[in-house]
Amino acid sequence: MWILFAFGSAFFAGITAILAKCGIRKTDSAAATAVRTVIVLVFSWIMVFVTGSQTTLGTVSGTSWIFLILSGLSTGASWLCYFKALQLGDINKVVPIDKSSVILTILMAFIFLREEISAAKAVGVVLVGAGTFMMIEKRDITETKSAKKNWILYAAGSAVFASLTSILGKIGISDVESNLGTAIRTVVVLIMAWAMVLLAGKINTVKGIPKKEMLFITMSGIATGGSWLFYYKALQDGPASVVVSIDKLSIVVTVVFSYVVFREKLSKKSLAGLVLIVAGTLAMLV
C-alpha cells in the first residue's frame, strides 16, 4: 500500500505548485508560505484526531522529537526557498531543480540510513541529474544574472533542504504514527514561517492579500496537507529512496498543468530532459 500512498503524494504535490503560483502573482512569497502553513496545520491535526493518533503523543521519544523538529525546520526553509523561486521563475524551470533533491536524498539514505544503492538506482540518479541539467537552458542562467534574479539559487536551496527533510523525517517517524509526525512537524514549520514574516516586517502584506489569491493559497495548503499525509505514510512503511523517487514524479503533473493554466511550453531540449527525469525516477523503482 505504501506505493499507492507515494503516488498519491506525487499527484497532490504536483497540483500544489500550480495553485501556489496562482496565489503569489501579487502576494509576497513568504507571506503566502505562512498562510499556507496555517491551512496545512489545521488539516494535519484534524487527521490526527480523526485517526485517534493524539493518544500516542505522550509516547513519542526524545530522539523522535529532535528529528521531527529538525525535519520541520528543513521543511520551512525548503518552502521559503521554493515559493520565492516560483515567484521569480517559470514553474517548468523551478520544479525540475527542486525535484533533483531525489539525488541528494538517495546519497544521504545510503550514508545515514544504510539503504542500498542498486545499479538501477545509480542509473536513475545519472538520468535525473542529466535531465535536470537539460531543463535548465543557458539563456535562463544569463537572464538570471542580467536581471539579478536568484530563482536558480532559491530552487537549489529548496532541493537541499527537501533532501534533509526526507532523511530527518524518516528517522523522526520510525516509532511515531505518521499523521501525528506530520502534525508535529507542521507546528515547527508554522512557527518558522511566521517568524520569517515578522522579522522581515511583512505582516501587513498578509492583510493585503487579494481574495482570489487567498483562495488559491488556501487550496494550495489543502493540497499540500494531502500530499504530506500520503507522503509520510508511505515514508513510514517504505524505503526513503524509493518513496522520494515516486514522489518526484509530481513533476509530470506540474508540467501538464503549467501548460494548461499558464501556457508555459517546453522546448525540445527541456522535453527530452523531462523524459530523462521520468525514466530515471522509474529506474529507481526497480
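This is a short tour of one pocket and one helix pair in a predicted model.

**Stop 1: the pocket**

Start by selecting D28, S29, A30, L80, C81, K84, Y154, M196, A200 and K202, which line the second largest pocket. If you draw a surface there, the space you're looking at comes to about 150 Å³.

Now colour those residues by character. The lining of this second largest pocket splits into 6 nonpolar, 3 charged and 1 polar.

Next, switch to cartoon and pick out α2 (29-51) and α3 (62-88). Each of these helices puts at least two residues into the lining of the second largest pocket. Which helix gives the most? That's α3, with 3 residues.

**Stop 2: the helix pair**

Leave the pocket and select residues 211-237, helix α11, along with residues 240-247, helix α12. Two packed helices are described by the angle between their axes and the distance between the axes. For α11 and α12, the angle is about 150 degrees and the axes lie 9 Å apart. Because of that angle, α11 runs roughly antiparallel to α12. As for handedness, α11 and α12 cross in a right-handed way.

To see what sits between them, show side chains on both helices. From α11, take S227, Y231, A234 and L235; across from them in α12 are A240, V243, V244 and D247. Colour this set the way you did the pocket: the contact of α11 with α12 is made up of 6 nonpolar residues, 1 polar and 1 charged.

Conventions. Residues numbered from 1 in each chain as written. Predicted model: local features only at pLDDT ≥ 70, side-chain atom pairs only at ≥ 80, totals over all residues. Heavy atoms only, no water. 1 Å grid on protein atoms, 1.4 Å probe; cavity = no way out; pocket = protein on both sides within 12 Å on 5 of 7 lines; lining within 4 Å. Points joined across faces, edges and corners; volume = space filled by probe spheres on them. Helix = DSSP H or I, 4+ residues; strand = E, 2+ residues; numbered from the N terminus. Nonpolar A, V, L, I, M, F, W, Y, C, P; charged D, E, K, R; others polar. Axes fitted to C-alpha atoms, helices over the stretch in contact; angles between N-to-C directions. Parallel < 35°, antiparallel > 145°, perpendicular 65-115°, else oblique. Left-handed = near helix turned anticlockwise from the far one by under 90°. Contact = heavy atoms within 4.5 Å.
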